[in-house]
Amino acid sequence: MMMELSAYRDIFIEELNDQLERIDQSLLVLEHTPSPELIQTIFRAAHTIKGSSSTMGFKEMSDLTHEVEYILDWVREKKPEISSQLIDTLFRALDVMKLLRTEYISGSNYTDCSSMVSEIKSLISMRSEPERSMPPVLNASEMLQAEEAAGSGQHLLAVSVNLMEDCLMKAARHFILVQRIEEVCGTVIAVSLHKAAAPGADEDERHGQFTVVVATLKERQQIQDQLGVDSDVKSMHIAPFELKWSRTDSLVHAPEAPVQQGNPKPDERGKGSHPTVRVNVERLDHLMNLVGELLIEQTSLADLSAAGQRSDPGRVLPDIGSVSDHMGSIIKELQEGVMKTRMLPIDQLFSRFPRLVRDLAQKLGKDIELVIQGGETELDRMIIEELSDPLIHLIRNSADHGIESPEVREAGGKAAKGRITLTSFHEENHVVIRLEDDGQGIDAGKIKALALGKGIISEEQASYLSTQEAVHLIFEPGFSTASEVSEVSGRGVGMDIVRSQIGRLNGIVDIQTEPGQGTVFTIRLPLTLAIIKGLLVKVSGRVLILPMYNVAEIVRIAPEEIQIVQGEQAILNHGRIVPLSWLRDKLHYPRAERSSKTIPLVIVRSVDKIAAFAVDEIIGNQEVVIKSLGAYLGTMNHLSGATILGNGRVALILDAAYLVSH
Amino acid sequence: MSTLQKEQYIELAVGPETCAIRIEEVHEIIKMLSITDIPFSRNEVKGVVNLRGKVVCVMSLRNLLGMSDEAYTRATRIVVVRFREEFVGLIVDKVNKVTTYGEVHPPSSGQGRSREGVFLGIGQREDQLIGILKLEEVLGG
């Protein structure tokens, strides 16, 4: 049984992610603008999770979502004011659900969530209703019966009975009462006990509270009078029974079905997790069509080959050429199509941030709004996952160090509410992500002093650092601008991680900051990691590839333009000093004879650093498929992989982040 | 040792020595390809080659067994072996044949032998002795 279910495990997790995301977003909106639709959305999401997790035998999750569903139902019925306490409880329940999800994926032991469950329970009982009355759930045949009855003009009532605690033989009393109700009202459609069957529980005790669903022609008051008062009955409540909504419930609940026992052990669940992709069917159809076209082309190629053998091969050559061209264009389209299946809208990532900002604002006692633009921009799913941590660090920093407290803001003539804007868009062959805050900006002087104090730079270096360069010091390991280590921004490891992570993705970061006005971080990333545009260069007879995203410029210089600055070779490029090195020396290749008078230079950028590299020859750029060098070679920090050139030889792809920083 | 006797081996020449690799560890044997050298790699790593679209690392078996490199000849081959779920190429001077051994002796040990642990056993055919390589040790050691 478990083996079969494990096949659905990945689908389950995918769906779980979706639903949790949905709850997250709805809760955020609900906090500000309560609406019945949102309650309904969250209810449905919780309900879906409950259903699927109980199918997967994931009891912890289904128990918790059951409570969430219950509280939402209660909110929907009673329409109380949506208190911040309620929202907070729901948020915390969501956090526990996310935790459970992580534990489920990793196969570790589950956190005990019973305290969360009881917290939700107490939230309701605190408000009202000493007893929980579950709306009775109808099974399919009862549904049908109820529908028929309702169709023939009868109305449906739910009679809830609560017996006295000291009533003896509750089961018998229950039976008699149900018969009485039937006599008075007409047809009894369903009887449900409030307490769920539990091993070891007193069966008789279970009959103490129950609800009878009846179809009747009589009015509520009439029934109330006719049923009279029974000495063993503590309370009796008659309410109209709404068919519609227990229907959706009954389809999933099936309360009579045996509760699935035997939770699989957590370690069994953790095994064999493969990420799944959801692909738009239209995209798949498109790929299928292209494959079909390729097959047709292949047939005509076979025909031409046969024709060539029969007669003069020279005569079919032009045809073969045109088939090849056509195949080429199909393959290119196929390649793009396959790439697209790896693409996801960046919203998948951005949608996690409103919650982050909300929590940060609350924790920091600031008023911050997050504006998201361009969430539909598509990016390789792998890059999206890798981007999560760096962006969280940047947002935390903006909220913690960037945005000032409301008082300071107002004193400075700004709106009390700080604003963080996250924007994404395509620009040529890459994706740009811009994080903008209207906070206090980065004080270059302060940064310089701090870096000096921490021994990151020397007194001498500090003296000739430009403002821009000083600001970039925040990326240095061990740097933290918060004078005290705060819970929010961590221990000064954040920005360092941001740089290395973005460097690994072949990205570039720019910082623009205006004291008192705010800071803008601009991150540029390649669209995908599988195929890149590479610049082919020749060094000592070897062809090497530099990722185009990291190539800022290609220039040719005369040898006399090379200057010696502080004992190192450098060139002046657009008014800035760019360190220069010879790629062949950097890679310990033998020197080759050079004939040309000028030296071709490639100016490489990575994250925030820039450097020029002299090569023997610039060959040109082309799309290259990145292949792994394999694990046997060990860590090769200077290479980001290899590719196979048109002539069948392997060419190495250099890691720009390594080149500029070593 | 009985299982080692039934197995087939690829016999190859490395410098003055002849050694063998269990045939089930060998994926294929190819002629010399153009090798792309890798900066900052170990001396015995000769580079990477394109094996039908796969990038495969090639090593010098001479270096791995403590011998110095010689120029490649027409007899030079790359023996592609499976190692830890990857392919690794071993450059050998010559591939002799596929063979079996009538008797396999345990590897000799002690006396400060330089390549202790590199051999699985010593195969004997008539009066010729051939060391059977233990890839885990040769490549992983």
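**Exercise 1. Find the residue of β11(B) that is the bridge partner of Cys19(B), then place β11(B) among its neighbours.**

Solution. The bridge partner of Cys19(B) in β11(B) is Gly131(B). The model is a predicted one.
- Step 1. Take strand β2 of chain B, residues 17-22, and β11 of chain B, residues 128-133. They run parallel and are joined by two bridges.
- Step 2. Turn to β10 of chain B, residues 119-125. This strand pairs with β11(B) over six bridges, in the antiparallel sense. Within that pairing, Arg125(B) has Gln128(B) as its bridge partner.
- Step 3. Look at the connection. β10(B) and β11(B) make a hairpin, with two residues between them. In the turn, Glu126(B) shows a positive phi of about 50 degrees.

**Exercise 2. Summarise the make-up of chain B.**

Solution.
- Step 1. Count the elements: chain B has three helices and 11 strands.
- Step 2. Read them from the N terminus: α-β-β-β-β-β-α-β-β-β-β-β-β-α.
- Step 3. Add burial: 34% of the 141 residues of chain B count as buried.

**Exercise 3. Work out the strand order of the open six-stranded sheet in chain A, and say which strands are at its edges.**

Solution.
- Step 1. The order is β14-β18-β19-β17-β16-β15, and the pairing is mixed.
- Step 2. β14 (551-557) and β15 (563-565) of chain A each have a single partner strand, so one side of each has no neighbour in the sheet. These two are the edges.
- Step 3. On average, neighbouring strands here are turned by 40 degrees against each other, direction ignored.
- Step 4. Check one pair. β18 (residues 599-606) and β19 (residues 609-614) of chain A run antiparallel and share six bridges. Leu601(A) has Ala614(A) as its bridge partner in β19(A).

**Exercise 4. Test the span of helix α17 of chain A against its residue count, and locate its bend.**

Solution.
- Step 1. α17 covers residues 381-402 of chain A, which is 22 residues.
- Step 2. At 1.5 Å a residue, the helix should span 32 Å.
- Step 3. The end C-alpha atoms are 29 Å apart, which agrees.
- Step 4. α17(A) bends by about 35 degrees at Ser388(A). A proline, Pro390(A), follows within four residues.

**Exercise 5. Where does the largest nonpolar core lie with respect to domains 4 and 5 of chain A?**

Solution.
- Step 1. This core has 111 residues. Phe613(A), Val48(B), Val79(B) and Leu133(B) have the most contacts inside it.
- Step 2. α17(A) gives the largest share, seven residues.
- Step 3. Domain 4 (345-442 + 481-526) and domain 5 (531-661) of chain A both contribute residues, so the core lies between them.

Key:
Residues are numbered from 1 along each chain as its sequence is written. Chains are lettered from A and ligands numbered from 1 in the order in which they are written. This is a predicted model: local features need pLDDT of at least 70, side-chain atom pairs count only at pLDDT 80 or more; totals for chains, interfaces and linings use all residues. Two strands pair if DSSP finds at least two bridges between them. Axes are lines fitted to C-alpha atoms, for helices over the stretch in contact, and angles run from 0 to 180 degrees between N-to-C directions. The expected span of a helix is 1.5 Å times one less than its number of residues. The bend at a residue is the angle between axes fitted to the seven residues ending there and the seven starting there. A nonpolar core is a set of buried Ala, Val, Leu, Ile, Met, Phe, Trp, Tyr and Cys residues joined through C-beta atoms within 7 Å. A residue is buried if 20 or more other C-beta atoms lie within 10 Å of its own, exposed if 12 or fewer, and partly exposed in between; C-beta atoms are placed from the backbone. Domain bounds come from an automatic or database domain assignment.
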